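Visitor: I'm new to looking at protein models. Could you walk me through this one and show me how the labels are earned?

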Amino acid sequence: MGTININSVSKHIDELRMFVDDNPLDVLAINETKLDSYIPVTHVSLSGHTCVRNDRTKFGCGVCIYIRNTITFFKNLL
């Protein structure tokens, strides 16, 4: 499990994918994602993980959690 601050996930998605390939994590929480409804989840997907997002608002910068697909979880509890 890990957490990182990324200033705009979509701008750094290739670096994030390399990081996860080198450091396999079951759960990765990210803040400062700067994602909004215009950026599809497919653009920021990580292989083998589900992305649960709380996108930015007018005043917020957004967060997301990548959870390995082998882990059972309930999105409504996050």
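Guide: Sure! Let's start with a cut-off: a residue is called buried when its relative accessible area is under 20%. Keep in mind that this is a predicted model.

Visitor: Why is Ser-8 called buried?

Guide: Its relative accessibility is 7%. The cut-off is under 20%, so Ser-8 counts as buried.

Visitor: Where does Ser-8 sit along the chain?

Guide: You'll find Ser-8 in the loop between strand E1 (2-5) and helix H1 (13-22).

Visitor: Which residues does Ser-8 touch, leaving out those up to four places away in sequence?

Guide: Those would be Glu-32, Thr-33 and Lys-34. Touching here is a matter of heavy atoms within 4.5 Å.

Visitor: And how much of the whole protein chain counts as buried?

Guide: Of its 78 residues, 28% do. As for the surface, the protein chain exposes about 5300 Å², with 55% of that coming from carbon and sulfur atoms.

Visitor: What pattern does the protein chain follow along the sequence?

Guide: Reading along, you get β-α-β-β-β. That's 1 helix and 4 strands.

Visitor: What makes the protein chain as compact as a globular protein of that length?

Guide: Set two values side by side. The radius of gyration is 12 Å, and the globule rule gives 12 Å for 78 residues; the two are close, so the chain is as compact as a globular protein of that length.

Visitor: How far apart are the mean positions of the positive and negative charges?

Guide: They're 9 Å apart, with 8 charges of each sign in the protein chain.

How values were computed: Residues are numbered from 1 along each chain as its sequence is written. This is a predicted model: local features need pLDDT of at least 70, side-chain atom pairs count only at pLDDT 80 or more; totals for chains, interfaces and linings use all residues. Side-chain values use heavy atoms; hydrogens and water are left out. Helices (H or I, at least four residues) and strands (E, at least two) are DSSP runs, numbered from the N terminus. The radius of gyration is taken over C-alpha atoms; the globule rule is 2.2 Å times the number of residues to the power 0.38. Buried means under 20% relative accessible area, exposed over 50%, partly exposed in between (1.4 Å probe, protein chains only). Accessible areas come from the Shrake-Rupley method with a 1.4 Å probe; for residues, only the protein chains shown count as cover. Lys and Arg count as positive and Asp and Glu as negative; His and the chain ends are not counted. The place of a charge is taken as NZ of Lys, CZ of Arg, CG of Asp or CD of Glu.
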